Amino acid sequence: MPIMNSLCWLCQQPLAIVQHGICSVCLNLLPSLPVCCPRCGLPASSQTRQCAECQIIPPEWQQLIAVSDYCSPLKYFISRLKFYGEDKYVPLLSRLLLLSWLNARRIRQLSRPDLLISVPLHHTRHWRRGFNQTDLIARRLSRWVNCRYLPDIISRHRPTPSQRNLSANQRQCNLMDAFSCNGDVRGQHIALLDDIVTTGSTVAEISRLLLLHGAASIQVWCLCRTLKS
Ligand SMILES: [Zn+2]
Ligand SMILES: [Zn+2]
């Protein structure tokens with residue numbers, strides 16, 4: 001009789017590798033992304049050429065990798081990790097992001113970043129929650145991708161009210177001057193990790209800051225890219 005932990009979280013069949021969390025059948029059934037622009041990560045006609053919107057107003061970053069739209073089951077896994085501290089989801093979410101990055105690397109000749117940075121929480125929110133979920137994922141990814149991870153290089157020096165229920169414009173104002181860069185990033189190709197990218201205002205603000213400090217390029221890595229606003 002298999003113990004509960006050794007069953008796939010989605011279909012309840014026994015798992016070959018317990019740490020994987022979901023079986024290979026469910027892995028292949030995860031909702032796939034449509035063809036998306038390599039820069040903004042929104043649906044487009046080509047996955048290698050940037051879309052018309054990006055050609056007119058390019059985002060601050062150069063490339064975006066996502067695993068899924070903001071929908072189940074990833075939405076559920078992320079919320080269990082984020083709000084209930086269930087770190088059993090960390091290996092699976094990290095692995096999914098790694099697979100998406102490897103896939104993008106194959107299709108778009110994406111370069112290996114020198115440096116991985118995760119979007120920070122303000123320390124009071126970090127303290128209340130006890131951990132930063134993207135930090136746990138970043139630690140694994142930096143080992144697997146073989147790039148440096150600097151957890152404290154970006155700090156959020158004032159708490160920003162939750163971005164939920166704000167318009168794109170309000171989000172932008174909410175974030176202005178919220179972050180500072182505390183290290184030398186000159187010439188570095190950077191991967192910036194966030195769990196969910198919706199309007200992109202947080203990763204845009206941090207990308208802008210990193211480029212201002214001399215970073216060579218930014219790839220945004222996220223678990224979910226919200227495709228509908
Ligand atoms: Zn399964
Ligand atoms: Zn685009």
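This report describes two zinc sites and a parallel sheet with its covering helices in a predicted model.

## Zinc sites

The zinc ion (ligand 1) is held by four cysteine sulfur atoms, namely the SG atoms of C8, C11, C23 and C26, at 2.3 Å. Because the 4 donor atoms subtend angles of 106 to 118 degrees around this ion, the arrangement is tetrahedral. Along the chain, the donor residues of ligand 1 follow the spacing C-x2-C-x11-C-x2-C. Within this set, C11 belongs to the segment before helix 1 (24–29) while C26 sits in helix 1, so the pair ties together parts that are 15 residues apart in sequence. The two residues also differ in their accessibility class: C11 counts as partly exposed because its relative accessibility is 29%, whereas C26 is buried, with a relative accessible area of 10%.

The zinc ion (ligand 2) has as its protein donors the SG atoms of C37, C40, C51 and C54, which lie 2.2 to 2.3 Å from it. Here the 4 donor atoms subtend angles of 104 to 114 degrees, and the arrangement is therefore tetrahedral. The sequence spacing of the donors of ligand 2 is C-x2-C-x10-C-x2-C. C40 and C51 are 11 residues apart, and each is placed in the loop between helix 1 and helix 2 (52–56). Both C40 and C51 are buried.

As a reference for both sites, the ideal angle at a metal with four tetrahedral donors is 109.5 degrees.

## The parallel sheet

An open sheet is formed by 5 strands in the order 1-7-6-2-3, with parallel pairing. Its edges are strand 1 (63–68) and strand 3 (148–149), each of which pairs on one side only. In general, strands of a sheet pair through backbone hydrogen bonds, either parallel or antiparallel. The table lists three of the strand pairings, each with its bridge count and an example of opposed residues.

| Strand pair | Bridges | Opposed residues |
|---|---|---|
| Strand 1 and strand 7 | 5 bridges | A66 and C222 |
| Strand 6 and strand 7 | 8 bridges | A191 and Q219 |
| Strand 2 and strand 6 | 4 bridges | L115 and I190 |

A further bridge partnership links I196 to C224 in strand 7. Strand 6 and strand 7 are also connected through helix 8 (residues 201–212), the three elements making a right-handed β-α-β unit.

Strand 7 (residues 217–225) runs parallel to strand 1. It is largely enclosed by the rest of the structure, because 9 of its 9 residues are buried. Strand 6 is mostly covered, with 8 of its 9 residues buried.

## Helices on the sheet

Helix 4 (residues 90–108) lies across strand 1, strand 6 (189–197) and strand 7, and its direction makes an angle of about 130 degrees with strand 1. Helix 6 (residues 133–145) lies across strand 2 (115–118), strand 3, strand 6 and strand 7, running at about 140 degrees to strand 6. Strand 6 and strand 7 are thus among the strands crossed by helix 4 and among those crossed by helix 6.

## Contacts of I78

I78 is a residue of helix 3 (residues 74–84). Its relative accessibility is 2%, so I78 counts as buried. Which residues does I78 contact, leaving aside its neighbours within four places in sequence? The contacts are L93, D195, I196, L223 and C224. Of these, I196 and C224 are themselves bridge partners, with C224 in strand 7. I78 and C224 are 146 residues apart along the chain, yet their C-alpha atoms are separated by 9.2 Å.

## Summary

Two zinc ions each have four cysteine SG donors, those of ligand 1 being C8, C11, C23 and C26 and those of ligand 2 being C37, C40, C51 and C54. The sheet has strand order 1-7-6-2-3, and I78 in helix 3 makes contacts that include I196 and C224.

Definitions and conventions
Residues numbered from 1 in each chain as written. Chains lettered and ligands numbered in written order. Predicted model: local features only at pLDDT ≥ 70, side-chain atom pairs only at ≥ 80, totals over all residues. Heavy atoms only, no water. Donors = N, O, S within 2.8 Å, 3.2 Å for Na, K, Ca; no water. Tetrahedral: all angles 85-135°; square planar, octahedral: opposite > 155°, others 65-115°. Helix = DSSP H or I, 4+ residues; strand = E, 2+ residues; numbered from the N terminus. Buried < 20%, exposed > 50% of the residue type's maximum accessible area, 1.4 Å probe, protein only. Pairing = 2+ DSSP bridges. Contact = heavy atoms within 4.5 Å. Axes fitted to C-alpha atoms, helices over the stretch in contact; angles between N-to-C directions. Right-handed = clockwise from strand over helix to strand, strands pointing away.
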